[in-house]
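I wanted to keep a short record of what I looked up here, beginning with one helix and ending with the core.

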Amino acid sequence: MSRIIRHRAVVQDNWQLLEQDRAGSLPFAGDVIVPAALWMRERAALSFRLGRIGLWLDTNADPGPLAPDLPRFGVIAVRFASATDGRGYTLARLLRERHAYRGELRAIGEVLHDQLFYLWRCGFDAFALRADQDAQQALAAFDAFSEAYQGSVERPEPLFRRRAQSKAPQRPA
Amino acid sequence: MYLYDEIDQRIVNERVQQFREQTRRYLAGALSADEFRPLRLQNGLYVERHAPMLRIAIPYGLLSSVQLRKLAHVARTYDRGYGHFSTRQNLQLNWPSMERVPDILAELAQVQMHAIQTSGSCVRNTTTDHFAGVAPDEIVDSFVWCELIRQWSTLHPEFAYLPRKFKIAVSGSAADRAATWVHDIGLHAQRAVRGMADAEPGEVGFRVIVGGGLGRTPIIGHAIREFLPWRHLLSYLDAILRVYNRYGRRDNKYKARIKILVKELTPAVFAQKVEEEWSQLRDGPSTLIEDEVKRIESRFTRPAYAALQAGNPLVEAMLAADEAFASWHRRNVHPHKVPGYAAVTLSLKRSGAAPGDASAEQMDAIAGLAERYSFGELRVSHEQNLILADVRASDLHALWREIRPLGLATPNIGLLTNIIACPGGDFCSLANARSIPVAQAVQRRFDDLDYLHDIGELDLNISGCMNSCGHHHVGHIGILGVDKQGEEYYQVSIGGAQGAHASLGRVIGPAFSQEQVPEVIEKLIEVYLGQRDSEQERFIDTVRRIGIEPFRDYVYESHHQTPRRSARQLAAA
């Protein structure tokens with residue numbers, strides 16, 4: 001059990017992360033997040049377990065081949081090997097916007113306070129911060145900016161479209 | 001000038017607040033140096049050789065008098081009373097203290113300025129033609145498109161951690177004065193002609209060039225799309241950046257720029273990947289709308305030009321009577337699309353000055369000049385000079401008399417001593433060698449203005465290291481600082497050029513010591529003057545016609561021989 005940020009609140013979390021080389025020790029019950037390679041290899045066996053399955057992706061993953069399976073995952077965890085790896089941001093948008101993934105999208109690994117705002121805009125809604133980070137304090141990061149020029153997952157219309165709409169004359173009822 | 005609205009201002013204010021808080025956490029030990037690094041870089045703050053360096057954005061090089069006065073104030077209050085205009089149309093302060101940077105940013109925000117994304121692996125300040133809006137050969141005013149790109153790139157959530165820095169340049173005229181072929185993305189704004197697919201005649205669109213760049217691996221970019229209609233500009237940029245963000249190399253920072261990805265995939269395959277990505281984004285929410293383009297256009301202040309005659313008898317008379325004025329007019333005054341007006345370059349390259357440096361006093365004085373002579377606006381050129389873009393022809397002589405005592409009237413634009421140089425080893429921790437003393441030595445050597453004018457157009461560019469901030473690859477003569485067993489040496493190349501016929505220079509041979517450099521330049525000039533077929537043939541043309549070999553042979557062998565006539569005699573002949 002660990003504490004994570006989910007939907008902008010610090011909560012307890014029960015998901016277990018299964019390391020790649022520990023596939024043999026997969027518990028029969030409980031919620032586990034398994035590496036994508038393991039999922040691809042043992043999809044059928046994993047489906048008979050009790051408990052939910054989550055998917056672990058590295059930032060360089062191609063979401064295309066996994067697209068048909070996405071609704072089956074209780075969570076997708078994208079692991080940042082470094083805090084400056086920008087690929088995870090694109091991956092999140094592809095999962096949300098191109099492949100219509102609606103479940104929990106969690107950033108794990110080198111996830112620090114100051115990344116949260118952009119991660120959230122790209123579609124992450126859960127954050128397992130690196131152990132030394134103060135999750136409660138990090139919640140402030142979501143409110144760093146009250147506006148943004150670009151469209152993003154959390155608000156698909158870019159600012160210029162929202163401006164144009166608010167300016168448009170109202171139709172009479 | 002583009003004037004912020006309430007939202008533009010709020011975003012910049014919130015950025016100051018965010019960085020103040022990040023700096024506080026760093027100074028309190030809650031953020032490690034490694035963790036603070038990308039945060040401070042994306043706010044323009046480097047840790048350099050002597051002190052931090054702060055790079056302030058001057059979006060597309062456009063600046064108001066009010067802003068320049070603020071920069072002077074900041075230089076005086078928080079630094080040592082001067083700043084350095086860089087080749088990316090930004091201003092760098094070399095001596096701020098880290099603790100006070102949030103205060104500097106707060107001061108800048110008061111005049112709608114910031115340092116957002118002036119460094120780090122993100123989309124940097126978009127640059128353009130310093131004659132945008134006034135050039136007679138202009139097809140499209142690039143400022144509007146630059147501002148649209150500025151807003152799109154500012155705090156873009158997906159592209160803040162790219163494999164490496166990313167620079168976009170926009171040109172809107174026939175002559176490319178924005179070095180678009182040597183940028184990560186170069187855009188040529190143009191108008192559609194009859195028969196183009198997907199565009200009405202006269203509609204604005206862009207030729208899209210990717211993968212150009214200088215640095216360690218200089219490459220001329222590749223056009224991946226000949227005409228992109230304006231409404232697709234941002235979604236297409238998203239597509240290019242997304243392909244780069246996903247597939248660009250992150251294992252080796254020297255191979256991480258987009259040019260390496262384009263080269264490794266081949267331009268055709270890269271273009272195909274972009275088109276595939278774009279086919280998914282096309283006509284999505286990022287598609288621009290006419291309302292927005294008009295809104296941005298309307299937020300730019302425009303000079304209220306008077307209706308004037310094209311020719312001015314007073315100026316003609318002064319030109320005939322005053323040779324010094326005429327010589328300045330020839331080099332530093334540029335044509336304007338509105339009759340009776342001219343654009344003027346204030347040279348920051350007087351002999352002995354560090355190229356691009358301006359003191360707080362000069363900045364204040366220039367701000368006043370801009371108010372009195374040019375509608376309170378000015379531009380920074382990528383050649384590190386300042387431009388008053390809208391001066392009445394009838395005011396030119398008065399302006400010239402005012403700027404002479406300020407050291408801003410050196411008539412050397414386009415000439416050898418208009419040297420582009422990075423800050424070099426005196427300031428920059430990346431540099432192998434110093435740039436400024438070399439530039440100064442060359443300026444002193446070619447101090448004779450008549451000789452300088454006889455040599456004619458010549459771009460001399462100096463970089464203190466392979467990062468090529470001084471654009472040495474595209475100098476007609478390029479000088480690169482290299483390190484040989486701890487000693488500073490300088491490699492010389494010739495034949496580079498910027499603009500529509502961009503080319504990369506070739507190294508003439510083994511590097512020289514700092515003392516030898518002026519001599520070597522002199523010899524290159526001697527060969528040129530001896531070989532040129534007329535005074536119209538520029539140095540670069542001669543190099544292209546006869547190749548680098550005659551230059552190389554003379555430079556490396558000439559210590560055995562004496563030329564029959566000195567270069568100065570040849571020039572006079």
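My entries on the helix, the chain contact and the core follow.

I worked from a predicted model, in which local features need pLDDT of at least 70, side-chain atom pairs count only at pLDDT 80 or more, and totals for chains, interfaces and linings use all residues. Residues are numbered from 1 along each chain as its sequence is written, and chains are lettered from A in the order in which they are written.

**Helix α3(A).** I took helices as DSSP runs of H or I with at least four residues, and strands as E runs of at least two, numbered from the N terminus. For the 12 residues of α3(A), 87-98, I looked up the expected span (1.5 Å times one less than the number of residues), and its 16 Å agrees with the 15 Å between the end C-alpha atoms. Counting a residue as buried if 20 or more other C-beta atoms, placed from the backbone, lie within 10 Å of its own, I found nine of the 12 buried, so the helix is largely enclosed by the rest of the structure. Its buried residues, among them A:Y89 and A:L94, pack against β5, β6, β7 and α4 of chain A together with α6 (233-247) of chain B, where contact means C-beta atoms within 7 Å.

**Chain contact.** I noted 30 residues from chain A and 30 residues from chain B; on the side of chain A, the largest share, five residues, comes from α3(A).

**Core.** The largest nonpolar core (buried Ala, Val, Leu, Ile, Met, Phe, Trp, Tyr and Cys joined through C-beta atoms within 7 Å) has 212 residues, and its largest share, nine residues, comes from α6(B).

Note on methods. Two residues are in contact if their C-beta atoms, placed from the backbone, lie within 7 Å.
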